[in-house]
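Please examine the model below and justify the terms used to describe it. Each answer should set a value against the criterion behind it.

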Amino acid sequence: MSKVCTRKGCGKCFDKPDESECWYHPGPPVFHDALKGWSCCEKRVLSFDEFLTLPGCTKGVHTTEVAAPAPVPVKEIKVDEPTSIDEQGVEIYGNVPARGSASESVAKPEPQLAITPTKDALNDAAKKLDIVSLEDPDDVEIPIGTKCKRNGCNVTFDGTNRDSCRFHPGTAIFHDASKGWSCCKRRVLEFDEFLKIPGCMTGKHLYVGTKDESQTQKEEVVECRTDFYQTPTTVIVSIFAKKCDESKSSIEFFEDSLALDLLHLGTKRFKTEFQLYGPIVPENSKYKFMGTKVEITLAKANGLSWGGLRAGESGAGMIRFGVTGRTGTIGAKEIVYRNQS
């Protein structure tokens, strides 16, 4: 039976310790303000789910031994001496006002105000119910060794265990030195103890879950602004498509044409294929995905100037020679003519 690695940041299943690489975090977790991370590496994230998926920074072998927690420093508590002792032997610390009558010492009860739940509280409650209602379909295939996705549950699928899941429907809360979950009141100081807090709700395990809503949304075919400039040997094309999904996009070079299929902003797709103004060398052409655009570098097959990007265009686009970045001289210093002209 496979074992689960206990190193922080790993959690993979293994049969032999040296059968696969183990990437883990040797340092303790660090929670400062809203940032979360590990003391052994510099990356910080905001959500607790992203913190649990931070890749390890140290390579080693898998193990099932539990690392001993770091010793907690003990603070010395200084006890002040009483400032005075009255006739009845009662110790008095600091300046205490004179005692009044018994009727004056009794605090009057404060009026209780009706509490109306806010919109955020209602949204959190609705989200909590949605998390509980999520379940794996009965006919879904679950790989052996898959870990339950619910917060606070560390059970892995062995082929039969789908029920009896104890989890936290709320979110992780880190305030000062205390750690806990928003759905229950227990708070601890050590991160290892926080991971061991038992769940406050029971249900079925969630190994696979449902598909992301963004994946089920229909794609929208859109147009993207295109711009270009050129040098004597290349044509640099900019497709202004933000946040392109490189894994779901494709760019193909041909000797006289260019094919684009770009998925950006989750559901927007820009797809086109057109004839180029001049021939290119496909194997020397390249592209680069950026945050706000896709930059394509077309390698010219000859040293001729392009009058446009697409075949048949004339005077379109921004034509520059000897350009580095966004600076340079506009217009050619030397005109190159075709043989037939």
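Q: What makes two strands count as paired?
A: Two strands pair if DSSP finds at least two bridges between them. The model to which this criterion is applied here is a predicted one.

Q: In what order do the strands of the open sheet with E11, E12 and E13 stand, and in which sense do they pair?
A: The 3 strands follow the order E11-E12-E13, and their pairing is antiparallel. Strand E11 (172–175) and strand E13 (187–188) are the edge strands, since each pairs on one side only.

Q: How do you know that E11 and strand E12 (residues 178–181) pair?
A: The criterion asks for at least two bridges. E11 and E12 are linked by 4 bridges in the antiparallel sense, therefore they qualify as paired. Within this pairing, His-175 stands opposite Ser-178 in E12.

Q: Why are strand E16 (226–230) and strand E21 (286–289) said to stand at the edges?
A: These two belong to an open sheet of 4 strands, ordered E16-E17-E22-E21 with antiparallel pairing. E16 and E21 each have a single partner strand, so one side of each is left without a neighbour in the sheet. Neighbouring strands of this sheet are turned on average by 15 degrees against each other, direction ignored.

Q: What supports the pairing of E21 with strand E22 (residues 294–299)?
A: E21 and E22 run antiparallel and are joined by 4 bridges. Because at least two are required, E21 and E22 count as paired. The bridge partner of Tyr-287 in E22 is Ile-296.

Q: Which side chains of strand E4 (residues 29–32) are buried, and which are not?
A: Pro-29 and Phe-31 point to one face and are buried, whereas Val-30 and His-32 point to the other and are not. In a regular strand the side chains alternate between the two faces of the sheet. E4 runs antiparallel to strand E5 (residues 35–38), with 4 bridges joining them, and Phe-31 has Lys-36 in E5 as its bridge partner. The hairpin of E4 and E5 has 2 residues between the strands, and Asp-33 takes a positive phi near 55 degrees there.

Q: Which residues form the covered face of strand E18 (residues 250–253)?
A: Ile-251 and Phe-253 form the covered face, and Ser-250 and Glu-252 the uncovered one. E18 pairs with strand E19 (residues 257–264) in the antiparallel sense over 4 bridges. Phe-253 stands opposite Leu-258 in E19, and the hairpin that E18 and E19 form has 3 residues between them.

Q: Why is Ser-257 called buried?
A: The term applies under 20% relative accessible area. Ser-257 has a value of 5%, so it is buried. Ser-257 lies in strand E19. Not counting residues up to four places away in sequence, Ser-257 touches Glu-252, Glu-273, Phe-274, Gln-275, Leu-276 and Ile-280.

Q: Why does Cys-165 form no bond with Cys-153?
A: A disulfide requires two cysteine sulfur atoms within 2.5 Å. The closest cysteine sulfur to that of Cys-165 is in Cys-153, at 3.7 Å, which is too far for a bond. By this rule, the count comes to 0 disulfides. Cys-200 is likewise in no disulfide, with the nearest cysteine sulfur, that of Cys-183, 3.4 Å away.

Q: What makes Cys-165 buried and Cys-200 partly exposed?
A: Buried means under 20% relative accessible area, exposed over 50%, and partly exposed in between. Cys-165 has 0% and is therefore buried. Cys-200 has 39%, so it is partly exposed.

Q: Why is the pair of Phe-51 and Phe-191 called edge-to-face?
A: Ring centres must lie within 6.5 Å, and planes over 60 degrees apart count as edge-to-face. Phe-51 and Phe-191 stand 5.4 Å centre to centre with 85 degrees between the planes, so both conditions are met. Both Phe-51 and Phe-191 are buried.

Q: What does this pair tie together?
A: Phe-51 lies in helix H1 (residues 48–52) and Phe-191 in helix H4 (residues 191–195), so the pair ties together parts that are 140 residues apart in sequence. Ring pairs also link Phe-31, Trp-38, Phe-48, Phe-51, Phe-174, Trp-181, Phe-191 and Phe-194 into a cluster. The whole structure contains 17 aromatic pairs.

Terms used:
Residues are numbered from 1 along each chain as its sequence is written. This is a predicted model: local features need pLDDT of at least 70, side-chain atom pairs count only at pLDDT 80 or more; totals for chains, interfaces and linings use all residues. Side-chain values use heavy atoms; hydrogens and water are left out. Buried means under 20% relative accessible area, exposed over 50%, partly exposed in between (1.4 Å probe, protein chains only). Contact means heavy atoms within 4.5 Å. Axes are lines fitted to C-alpha atoms, for helices over the stretch in contact, and angles run from 0 to 180 degrees between N-to-C directions. Rings of Phe, Tyr and Trp (its six-membered ring) pair if their centres lie within 6.5 Å; planes under 30 degrees apart count as stacked, over 60 as edge-to-face and the rest as tilted.
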